[in-house]
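Got your viewer open? Let's take a short walk through this model, one selection at a time.

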Amino acid sequence: MDGKQVSRTSEENVQIQKQLDKKARQKERIMNLIPYAGFVFVVVALTIATGGNLFSANNLANILNQSFVMIIVAVGASFVYAHGGMDFTVGASMGLAEFVIVTMILSDKVPLAAALLTGVLVPVASSVGVACCALYLKIPVFVGSLGLRMVLMGVLNMVMTNSANGQLNISYNDYRFIDNVAVKLLVLVAVIVAGYYLFEYTGIGKKAKIIGGNRTVARESGVNVSKYVIWGYVFLGVCVGIAGIFSLFRAAGVSNTSGSGTEFNLMTCIALGGFPLKGGQRSRIINAILGAMTVCILSNGLLLCNLDANIINGIKGLLFIVIVGLSYDRSSGKLVS
Amino acid sequence: MKKQLKKWTALLLCVAMVFVMAGCGNAGDGKDDGKKDGQKQEDETKLTDTTAADVDETLAKAPHFNITVMLGSFTDSQGVETKKALEYIEEHFNVTFNYVETSNTTENTIAAIETAVASDTDGIIGACVKTAACVQAAGDVPMVNQPDIGEAMTKELAGKENYLGSVCEDDYAQGYAAGKALYEAGCRKVCIARMTVGISESIDNRGLGFLDFVAEHDDMELLADNQSRGQYADAVATFASAFPEMDGIFCVIANDGVSQAMVTEGLVGSVKLATVGYASSDKQLLENGTLVYCTGGKAAITMTCFLALYNHLLDESGMIDGETKLITRNSMEIKSVEDFEAMEKYVVGDVPPYNAEEMMNMVHYFNEEFTAGDFAEICNNYTIDDLMSRRSK
């Protein structure tokens, strides 16, 4: 205050630094815990509010069915958000994938496996397109993916309207073996295990986090940024394709609104789960899964409470603000890079 | 200090939310007492007198049911009108409605149906099913569908036991009538503002009806066909600047934005408007002769769904007959200020298009002589004049 400099010994400086480190570690631990606390809070509050109905046998199957698509997509999205990317095309590309699969099935000329594989390639191509826009055309990923989303939505709308007046259905009973709780559980476990392994133990996940931490440092450290960014988008595309397959057989049809809104639900899941939207070393796949489950249980539970639709939206919004407000790290810049 | 304050505020909000949700979760407990016992109370609950108090007493003795109502929105003019009508039913009938807003996607509709079934609903009305999977998701829970789902889907669903049928209005006829109203008002150069084709079959049919009317009249010319997802007011503004010769606009959905655009674009006096549905500001447009056609009273669609379901729940009476299990209601046309005022009074007012006594008489459990044929006839006779004559009694 009086302009005098305070002189400290090196030992004092070390002590101060230790205290600061301790505080920082405590803060990080608390911030890591908040999404879990949010999840537990949602589950406990809804269990009380629904009189235990939330965990009835019937409703557990509902929760699995309703969260399946979002968890699969969230696992894939972890690889993209970890390096600071995003993809707004996931909803439209999922709808297009479903259209391709249905068209092939109805043609009766293509084996089911080939139809499914082709369907998966649609979102892969779309996500890689987003990556290429960002990497080679130097278009900000936010703008590029938003533009591609509009293109894909237009294409989906056009092909659906021209070929089926907006709705193309398949026989639900013929494909019940796919829309089956056991099959879904197996696929879910397989995708989560594969995603976790790739994210934590291979270059695809590790390098993505390094790129998210600081792209320039990553490049100068010898990381092939383009390669790992594209791999991240490829994995997201595969996951969106798988989610699209199950979404299609669950609805037994595709319409020009199929998949719409998935991209925004995904962002909600990522943020609610405490996954850093700008990526980096704090990225954990479990946070994305946690976010997807929180959102799905919240939607399911609030409906079970028989609350007014406006109140449901209000509670969701409020909870979103509270959890993100408490868990998001303001010290390192913007929420979305 | 500020951070601490924020965190405590957030925590307090969360705690408040738990109490609110717990309170809501308990609301309605104990309302379903005697639900099954009531099946044997027929003799006690037959209609003997028609005074309002007796009607309420008779209705209250019937078994209680929890019914889930699914609509795209409860906040637009049709949604508000419908919710008000359902609240009136809740006041008089021994039923509790759970309101669910569903989006356009089949996935969300299925999720909402599954959750309703898990919450032990006795029946579902209004759900806009687009695929057989929606009906499958309801399991054994009976459901009555709202808007037109197309011929192929209607046939596919007709065989399913829990699917009691669909209730809709003839959207094609409304579009056609809108074209006719514009033609009769002297419009020859017209534009249409409609939703992107393929999103809603019922809304597409309104456009098709209008376009067919225009095509059938050589002296009528279609200047522009604007397809956008909800940007109807912008379409009106575009028409105004691009086609000065335009003298008529048909908009497949009414909203205040469209009505406002007619005023702000200076079209009042030179261009006529026809819409399906109505907006709150439409009375002024009817007064100055700009609006020549709109429709109202759509709450009756959901009320019809309720009556079809309620009949089934009480004594398994099937009120939607026929191979396709489809009832196409007549739409209520509004062409004058008097019509609009009557609609405001008798549809949006305290009593919905059918009052408690009229509805009770449409329930076989209370009125043994009532048949599916009578039900279809009542739906077909629905006009503003029909409503005014019923209320004048």
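Start by selecting residues 22-49 of chain B, where pLDDT stays under 50. For this stretch the model has 33 contacts beyond four places in sequence. Keep in mind that everything here is a predicted model. Now widen the selection to the whole of chain B: the average pLDDT is 83, and 86% of the residues score at least 70.

Next, bring in chain A and look at where the two chains meet. Select the contacting residues and you should have 47 from chain A and 38 from chain B. Together the chains bury about 3700 Å², with 60% of that area on carbon and sulfur atoms. On the chain A side, highlight Arg250(A), Thr257(A) and Leu303(A): these supply 14% of the area that chain A buries against chain B, more than any other three residues.

Stay on Arg250(A) for a moment. Which residue of chain B forms a salt bridge with Arg250(A)? Select Glu114(B) and check the closest N and O atoms, which are 2.7 Å apart. The count of salt bridges between the two chains is one. For polar contacts across the interface, the rule finds eight residue pairs, both partners at pLDDT 80 or more.

Now colour chain A by secondary structure. Among the elements that each supply at least two residues to the side touching chain B are α1 (10-49), α9 (225-251), β2 (253-255) and α11 (285-304). The most comes from α12(A), with seven residues. Finally, colour that side of chain A by residue class: you will find 20 nonpolar, 23 polar and four charged residues.

Methods: Residues are numbered from 1 along each chain as its sequence is written. Chains are lettered from A and ligands numbered from 1 in the order in which they are written. This is a predicted model: local features need pLDDT of at least 70, side-chain atom pairs count only at pLDDT 80 or more; totals for chains, interfaces and linings use all residues. Side-chain values use heavy atoms; hydrogens and water are left out. Contact means heavy atoms within 4.5 Å. Buried area is the accessible area (1.4 Å probe) that two parts lose on being put together, summed over both. A salt bridge is a side-chain nitrogen of Lys or Arg within 4 Å of a carboxyl oxygen of Asp or Glu. A polar contact is a pair of N or O atoms within 3.5 Å; within protein, one must be able to donate a hydrogen and the other to accept it, and residues adjacent in sequence count only if both atoms are side-chain atoms. Helices (H or I, at least four residues) and strands (E, at least two) are DSSP runs, numbered from the N terminus. Ala, Val, Leu, Ile, Met, Phe, Trp, Tyr, Cys and Pro count as nonpolar, Asp, Glu, Lys and Arg as charged, and the others, Gly among them, as polar. pLDDT is the predictor's confidence in each residue, from 0 to 100.
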